[in-house]
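Biologist: I would like a close look at a single part of this protein. Please start there and then work outward.

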Amino acid sequence: MLMSRLNKHHTAKPLLFMLAGLLLSSTALADPLEPESATETTEENSVNIIKSHSFAGIGDPKYPADFEHFDYVNPEAPKGGELRRATIGTYDSFNRYASRGSSAIDSGDLYDPLMIGSLDEIDVYYPLIAEEIEYPANHMWVIFHINPQAKDQSGKAITAEDVKFTFNKFMTEGVPQFRASYSNVKDVEVLDSHRVKFSFEKPARDDIASLVSLSILPKHYWKERDFSEPLSEPPVGTGPYVITEYKMGQSVTYKRNPDYWAKDLPSRLGTLNFDILRYDYYRDTNVALEAFKAGQYDLRIESEAKKWEEDYDIDAVKEGRIVREELKHSEPQPMSAYVFNTQREIFKDRRVRHALNYALDFQWMNSNLFYSQYERNLSYFQNTEYMAEGSPSEDELEILTPIKDKLPKEVFGEVWRPNETDGSGNIRGALRKAMALLRDAGWELKDGKMAHGETGKPFEFEIIYYSPSSERALQPLKRNLERLGITMNLRMLDTSQFINRVRSGDYDMVDRGYQANPYPHRNMPIIWHSDYIESSWNQARVQDPVIDQLVTDIVAHQQQPEELLAYGRAFDRVALWNFYVIPKWHSDHYRVAHWDKFDRPETRPDYDLGIETWWYDKDKAQALKQ
């Protein structure tokens, strides 16, 4: 949904590939437990048929069939006003799903999904375009019942034919990963104008769990257009906001459709409160901050500790015209990191990747650059029960022992943790350990430069990034690597260049990382499996049969909580000891600054900042003008 993207720290929903969550559909469970909230169960040829208002990827839904609204909204929130935001970069297309080009921010959210997730649950979906879901206990098919009131932005009814068209459009003109991930779908059948049925070759609960979030395209608009190509005009969508104004590459304005058919649905009530959402594009984060302080836009989630501590000492903050808040949270955190391209010859050796980890002195950086506002990333499941801790448990050993000969021996000891220093900047001990690892990997120090013992090739590589603020954090790492005789070249790209190089895997190292994982999710194959080696989501370009097997098994155990816990921790342990990244850091609070003309519910959703529930306060706005 459009407003959920307003919070760039949103962690509630696991990574979805484009408009639908992708997975390897050949590894679905045959008979998992069903959610207790299923509203109706019948029998068809001795197979239970479940009909429900909701679908949970894992666990049980919180809200019953007769729920009135989500707990974290104000159902009587007033509508109106404008929320202005900023973003960095540029854009040249309104097609979020094109194979090339840079799309306008939130342009993918012009399309509503079949069902919509709540922000206080993980991977649980409720009615939107589909008012009901129906499937057998063996998960051989699923029927979506389309709400008869559903309409697209032109006022045309959304029908089962639109759903079938959308799926086929992605299968024929979308990226190859979509076709590979949904290869288990053998047929899509329109039963009538309000029912569409997906049938599977094999039991496929995980395909169902992905299809619920399929965003629906209007057939009448897209049938004659090439879905893989950029779009120079705002499209007709199915969501609550339409693009009314834009300057290509500079700004885009979304206006709430007053006739939006779903505005009073329980899953929408209390959200979509702003009439206007406007984004202005800036090339530089410093310029964007000055524009905010000058009142050019309304709300900013500050990502840089230095700016937060030093650059908000202005009259507008002191006088309360700008509200500056630190909002604590304990949400799952992304593995932001410097990611190795393990297909590059220089980084194929695990010992080399391990060595470079010793060159990042987080304790010094946190104290001297970040005002001690951060904590180090330790896991691909940061702040969840799936973080690997200590030595492997018996359940983990049951998973890991049969493949012991394919794993680093360290996996069976204590879990890897990044090197800690005293924060003084003296890391000679850490660099000695790095040097020993490099020597073992065949590298030698010659005349102050690290070179390969056999080829004589110098140890030199490039890291790419797109934000000017990245360089401040990279410089200390660059200096420490120079002490090892290693040259790290810093290359800042504009956003279009950055996206293109990431898509093509054209980098030695990238300043990026992995989205937060609230649990070991069914979409993990597109991030880690060898079948997706050419996917830009497989940032480390991992091609490892052990990782392949672990993520495949994770998909297969989605509905078995104890087994999933063990598989998640086992994966985390193996991935950490393979050193695919140099972990960066995270904060345990949101840094939010906004001009004082908004209000919000007392309750914040568990897995989101919840800006989509805010509203424009006319009295505050008037007082601010005065």
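Where is V212 found? And which residues is V212 in contact with, leaving aside its neighbours within four places in sequence?

Modeller: A caution first: this is a predicted model. V212 sits in a loop, the one that runs between α3 (205-211) and α4 (219-222). Its relative accessibility is 0%, so V212 counts as buried. Sequence neighbours within four places aside, V212 is in contact with F55, P113, L114, M115, Y125, I133 and F144. A56 is another residue to check: 156 residues separate A56 from V212 along the chain, yet their C-alpha atoms are 9.8 Å apart.

Two of those partners lead further in. L114 and F144, together with F198, have the most contacts inside the largest nonpolar core, a set of 74 residues. Helix α1 (residues 160-173) gives this core its largest share, six residues. Now take F144 by itself. Leaving out neighbours within four places in sequence, F144 contacts L114, A130, E132, I133, H194, R195, V196, F198, L211 and V212. That list includes E132, H194 and R195 beside residues such as L114 and F198. I133 and L114 are contacts of F144, and V212 touches both of them too. In soluble globular proteins, nonpolar side chains tend to be buried together.

Apart from that core lies another, of 48 residues, with L400, V502, V510 and Y514 among them. V502 is a good way in. V502 belongs to helix α13 (residues 495-504). At 3% relative accessibility, V502 is classed as buried because the cut-off is under 20%. Beyond four places in sequence, V502 is in contact with I464, Y507, V510, R512 and S536. V510 is thus a contact of V502 and a member of the 48-residue core. K307 gives a separate distance: V502 and K307 are 195 residues apart in sequence and 28 Å apart in space, C-alpha to C-alpha.

Next, helix packing. Helix α8 (residues 350-357) is mostly covered, with six of its eight residues buried. Those six are V352, R353, H354, A355, L356 and N357. One partner of α8 is helix α11 (residues 428-440): the two axes come within 8 Å and cross at roughly 165 degrees. That angle makes α8 roughly antiparallel to α11, because the class takes in angles over 145 degrees. The crossing of α8 and α11 is left-handed. On the α8 side, R351, V352, H354 and A355 make the contact, and on the α11 side A434, L437, L438 and D440. The contact of α8 with α11 has five nonpolar residues, one polar and two charged. V352, H354 and A355 serve in this contact, and each is also on the buried list of α8.

A second pair is α15 (residues 545-556) and α16 (residues 561-577). Their axes come within 10 Å and cross at roughly 155 degrees. α15 and α16 are therefore roughly antiparallel to each other. This crossing, too, is left-handed. From α15, the contact takes V546, I547, L550, V551, D553 and I554; from α16, it takes L564, Y567, F571 and V574. By class, the contact of α15 with α16 has nine nonpolar residues, no polar ones and one charged.

Then a strand. H594 lies in β25 (residues 589-595). With 4% relative accessibility, H594 counts as buried. Residues up to four places away aside, H594 touches F292, D298, L299, R321, I322, V323, E325, R600 and W614. I322 is one of those contacts, and its C-alpha atom is 5.5 Å from that of H594, although the two are 272 residues apart along the chain.

Last, two backbone points in loops. Y371 has a phi near 55 degrees, a positive value in a residue other than glycine. Y371 lies between α9 (362-368) and β17 (375-376). At 34% relative accessibility, Y371 counts as partly exposed. N383 also has a positive phi, near 70 degrees, and is likewise not a glycine. N383 is in the loop between β17 and α10 (394-400). Its relative accessible area is 33%, so N383 is partly exposed.

Technical notes: Residues are numbered from 1 along each chain as its sequence is written. This is a predicted model: local features need pLDDT of at least 70, side-chain atom pairs count only at pLDDT 80 or more; totals for chains, interfaces and linings use all residues. Side-chain values use heavy atoms; hydrogens and water are left out. A nonpolar core is a set of buried Ala, Val, Leu, Ile, Met, Phe, Trp, Tyr and Cys residues joined through side-chain atoms within 4.5 Å. Buried means under 20% relative accessible area, exposed over 50%, partly exposed in between (1.4 Å probe, protein chains only). Helices (H or I, at least four residues) and strands (E, at least two) are DSSP runs, numbered from the N terminus. Contact means heavy atoms within 4.5 Å. Axes are lines fitted to C-alpha atoms, for helices over the stretch in contact, and angles run from 0 to 180 degrees between N-to-C directions. Angles under 35 degrees count as roughly parallel, over 145 as roughly antiparallel, 65 to 115 as roughly perpendicular and the rest as oblique. A crossing is left-handed if the near helix is turned anticlockwise from the far one by less than a right angle, and right-handed if clockwise. Ala, Val, Leu, Ile, Met, Phe, Trp, Tyr, Cys and Pro count as nonpolar, Asp, Glu, Lys and Arg as charged, and the others, Gly among them, as polar.
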